Amino acid sequence: MIVERSMHDGWLSNSYLVGDAEGGTGVLIDSGGPTEPLIAAAEVHGLTVSHLLITHADHDHVAGNDVYRKRFDMPVAAHPTEAERMGGADEPLDHGTRLVTGGLQIEALFTPGHSPGHLAFLINGEECFTGDVLFKGTVGGTLNDSFGSLQPSIMDVLMALPHETRVHPGHTDPTSIGAEWETNPFIRIWRGIETEGEQHCTALDRPARLILFAPDYDGGHKGWVRWDETGEDDIVPGSRVKTEAS
């Protein structure tokens with residue numbers, strides 16, 4: 001299988017071209033990365049690009065949709081919730097939807113939490129494109145959806161995949177299901193291997209308990225907080241978390 005990646009220098013968002021073989025069929029996944037490298041890669045590999053698959057409709061994942069539509073004259077496929085956010089899509093996808101194109105067998109996995117209609121894409125049972133739900137060493141923020149959706153998306157859907165499954169996230173570096181199962185600090189707490197933090201903090205100017213303060217994909221941090229007033233959890237930008245020490 002061919003996997004090519006294009007990453008935006010500012011957003012650090014990834015777009016992918018996945019092909020079944022040289023001279024065969026390919027699909028694009030998200031369009032927030034620079035479009036030119038993947039258009040060129042499709043030509044180099046001789047791929048006929050059949051679909052643009054969207055994990056979610058945040059601007060840094062759909063900015064190049066029109067460029068790819070014009071170049072490849074192909075349908076855009078997304079969950080209906082995300083299609084509405086981005087002004088429409090050509091093909092609806094939901095959990096368990098299977099798309100076969102050329103030698104690619106694509107399964108859509110409903111993985112909300114970061115965005116209400118978020119999808120991950122498992123291709124040929126080997127490569128999983130996880131958008132903004134799971135990254136190398138961290139997980140997605142929940143302010144646009146909910147922690148209550150994110151945790152089962154990761155633990156019940158993604159972590160149920162074979163450990164050798166390669167993970168291609170929506171931002172920065174690749175990883176694997178097994179690596180995240182063993183080392184991701186959020187997952188280690190969910191597994192009961194590590195304990196929750198107890199420190200009081202202020203996050204987004206609201207009082208909270210800081211469950212975890214962990215590195216993020218961009219060199220910053222993410223904070224897992226539990227709000228004092230509701231007892232509910234969120235994963236928020238680390239820059240918006242203040243403790244007595246900070």
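The radius of gyration is taken over C-alpha atoms, and the rule for a globule is 2.2 Å times the number of residues to the power 0.38. For the 246 residues of the protein chain, this rule puts the radius of a compact globule near 18 Å; the chain has 18 Å, so the two agree. The model examined here is predicted. Along the principal axes, the C-alpha atoms of the protein chain fill a box of roughly 55 × 35 × 30 Å.

The protein chain contains 7 helices and 19 strands. Of the contacts with a separation of 6 or more, 53% are made by residues 24 or more positions apart. Buried residues account for 54% of the 246 residues. The area exposed by the protein chain is about 10500 Å², of which carbon and sulfur atoms supply 48%. Negative side chains number 38 and positive side chains 16. The centres of these two sets of charges lie 3 Å apart.

Helix α1, residues 35–45, was examined in further detail. Its buried residues are T35, L38, I39, A41, A42 and H45. These residues cover an arc of only 160° around the axis, and they therefore lie on the same side of α1. The exposed residues E36, E43 and V44 are found on the face of α1 turned away from the buried side. Several elements cover the buried residues of the helix, including the strands β1 (2–7), β2 (14–19), β3 (25–29) and β4 (48–53). Helix α3 (65–72) is also part of this cover. Just after α1, residue G46 takes a positive phi of about 65°.

One residue of the helix, T35, illustrates how the buried side is covered. T35 is found in helix α1. Buried means under 20% relative accessible area. The relative accessibility of T35 is 10%, and T35 therefore counts as buried. When neighbours within four places in sequence are left aside, T35 is in contact with G64, V67 and Y68. T35 was also compared in position with F72: the two residues are 37 residues apart in sequence, and their C-alpha atoms are 12 Å apart in space.

Key: Residues are numbered from 1 along each chain as its sequence is written. This is a predicted model: local features need pLDDT of at least 70, side-chain atom pairs count only at pLDDT 80 or more; totals for chains, interfaces and linings use all residues. Side-chain values use heavy atoms; hydrogens and water are left out. Helices (H or I, at least four residues) and strands (E, at least two) are DSSP runs, numbered from the N terminus. Buried means under 20% relative accessible area, exposed over 50%, partly exposed in between (1.4 Å probe, protein chains only). Contact means heavy atoms within 4.5 Å. Accessible areas come from the Shrake-Rupley method with a 1.4 Å probe; for residues, only the protein chains shown count as cover. Lys and Arg count as positive and Asp and Glu as negative; His and the chain ends are not counted. The place of a charge is taken as NZ of Lys, CZ of Arg, CG of Asp or CD of Glu. The arc is that of the directions from the helix axis to the C-beta atoms.
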